[in-house]
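Colleague: I'd like to go through this model with you and hear the reasoning behind each label. Can you pull it up?

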Amino acid sequence: MAKPNASLNRFLKGIGLRIMALGMLPLLLMVGFNLFLAARYQRQIQTVRDLAQGQMVESAEVNRHVLALKNRMTVITVQMNDMTETHLSALLAQDTGAIKKIETQRDDIATSVKQFQEDVAAFMAAIQPLGITLRPFATPDEARNGSPTIRAGGQLSLLATQMKSLPNLFAALDTSNQAILKLLGGSDFDGANSNFVYEEGARMTALTLAIRQVNTIVTDLSTAIAAVQNAAATAKLKQVK
């Protein structure tokens, strides 16, 4: 009689184990699913960190170039003001001895204008990896779309234009200034004063306006670049699995 009881016990024990297994299955599935979600969450967090770190590096590089360009414009403005002050004083005092100083100040401006071109070239190279290219004109569809990359490309085109026009404006000022200094050196004070009022003054104003435009363009371009970076980061986040 003992054998049938033992067989029954083994049968009941087996059923009990199966019931326990079936009861634990949902729990095991839930634990596995939670582990999957936790791993996915960790990947997402790491991706967000990597994107944030990358964007911080890109933003720092962009800001460095923006600051360099704005500082360059400030330097040129100060140099122009200094030269104008020296020039006016020389004309009013009929001081031919100031010619050398004016020439040195003019050469300093020429150096800064050349450095401005180098600054713009470095800036354009730095943002090239962001996919921003020169876009002087946008199609109607592109304009309606309002893509940050297209807007940035438009601002970059404006900056590239100023990169060429600013040296031309200074060259015109340089020619006028040399002519006036020649008149001043020859003691033709009336001719020097007349040329300053009607020629050099206008060219100085044109160069000053161009510098202001560069500052505005650089500010707008940096804002557009930030929008490009944010759009790229958002697109990458959507791809995170």
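Colleague: How many salt bridges does the count come to by your rule?

Modeller: Four salt bridges. Keep in mind that this is a predicted model.

Colleague: Take R64 and E61. What makes that pair a salt bridge?

Modeller: The N to O distance between their side chains is 2.9 Å. The cut-off is 4 Å between a side-chain nitrogen of Lys or Arg and a carboxyl oxygen of Asp or Glu, so an Arg with a Glu at that distance qualifies.

Colleague: And where do R64 and E61 lie?

Modeller: Both are in helix α1, residues 2-93, three residues apart, or about one turn of the helix. An α-helix has 3.6 residues a turn, so residues three or four places apart point the same way.

Colleague: Why are R64 and E61 called partly exposed?

Modeller: Partly exposed sits between the 20% and 50% cut-offs. R64 has a relative accessible area of 49% and E61 has 32%, so both land in that range.

Colleague: What about D119 and R72: how do you know that they form a salt bridge?

Modeller: Their closest N and O atoms are 2.8 Å apart, and the limit is 4 Å, so the pair counts. D119 sits in helix α2 (residues 99-127) and R72 in helix α1, so the pair ties together parts that are 47 residues apart in sequence.

Colleague: Which label, buried or partly exposed, goes to D119, and which to R72?

Modeller: D119 is at 15% relative accessibility, and buried means under 20%, so D119 is buried. R72, at 21%, is partly exposed.

Colleague: What makes D174 and R106 a salt bridge?

Modeller: Here too the closest N and O atoms are 2.8 Å apart, and the cut-off is 4 Å, so the label holds. This pair links distant parts of the chain, with D174 in helix α4 (residues 148-185) and R106 in helix α2, 68 residues apart. Both D174 and R106 are buried.

Colleague: Since we've reached α4, how do you know that its span is close to the expected one?

Modeller: α4 has 38 residues and runs 54 Å from first C-alpha to last, set against 56 Å expected at 1.5 Å a residue.

Colleague: Where does α4 bend?

Modeller: At K164, by about 25 degrees. A proline, P167, follows within four residues.

Colleague: What makes Q94 worth flagging?

Modeller: Q94 has a positive phi of about 50 degrees although it is not a glycine. Most residues other than glycine have a negative phi. Q94 is placed in the loop between α1 and α2, and at 45% relative accessibility it counts as partly exposed.

Colleague: And what is the phi of S187?

Modeller: About 65 degrees, positive, and S187 is not a glycine either. S187 comes just after α4, in the loop between α4 and α5 (189-238). Its relative accessible area of 44% falls between 20% and 50%, so S187 is partly exposed.

Colleague: Stepping back, which pattern does the protein follow along the sequence?

Modeller: It reads α-α-α-α-α, with five helices and zero strands. Of its 241 residues, 30% count as buried. Among contacts between residues at least 6 apart in sequence, 80% join residues at least 24 apart.

Colleague: What supplies the area that the protein exposes?

Modeller: Carbon and sulfur atoms supply 61% of about 14800 Å².

Definitions and conventions. Residues are numbered from 1 along each chain as its sequence is written. This is a predicted model: local features need pLDDT of at least 70, side-chain atom pairs count only at pLDDT 80 or more; totals for chains, interfaces and linings use all residues. Side-chain values use heavy atoms; hydrogens and water are left out. Helices (H or I, at least four residues) and strands (E, at least two) are DSSP runs, numbered from the N terminus. Buried means under 20% relative accessible area, exposed over 50%, partly exposed in between (1.4 Å probe, protein chains only). Contact means heavy atoms within 4.5 Å. Accessible areas come from the Shrake-Rupley method with a 1.4 Å probe; for residues, only the protein chains shown count as cover. The expected span of a helix is 1.5 Å times one less than its number of residues. The bend at a residue is the angle between axes fitted to the seven residues ending there and the seven starting there.
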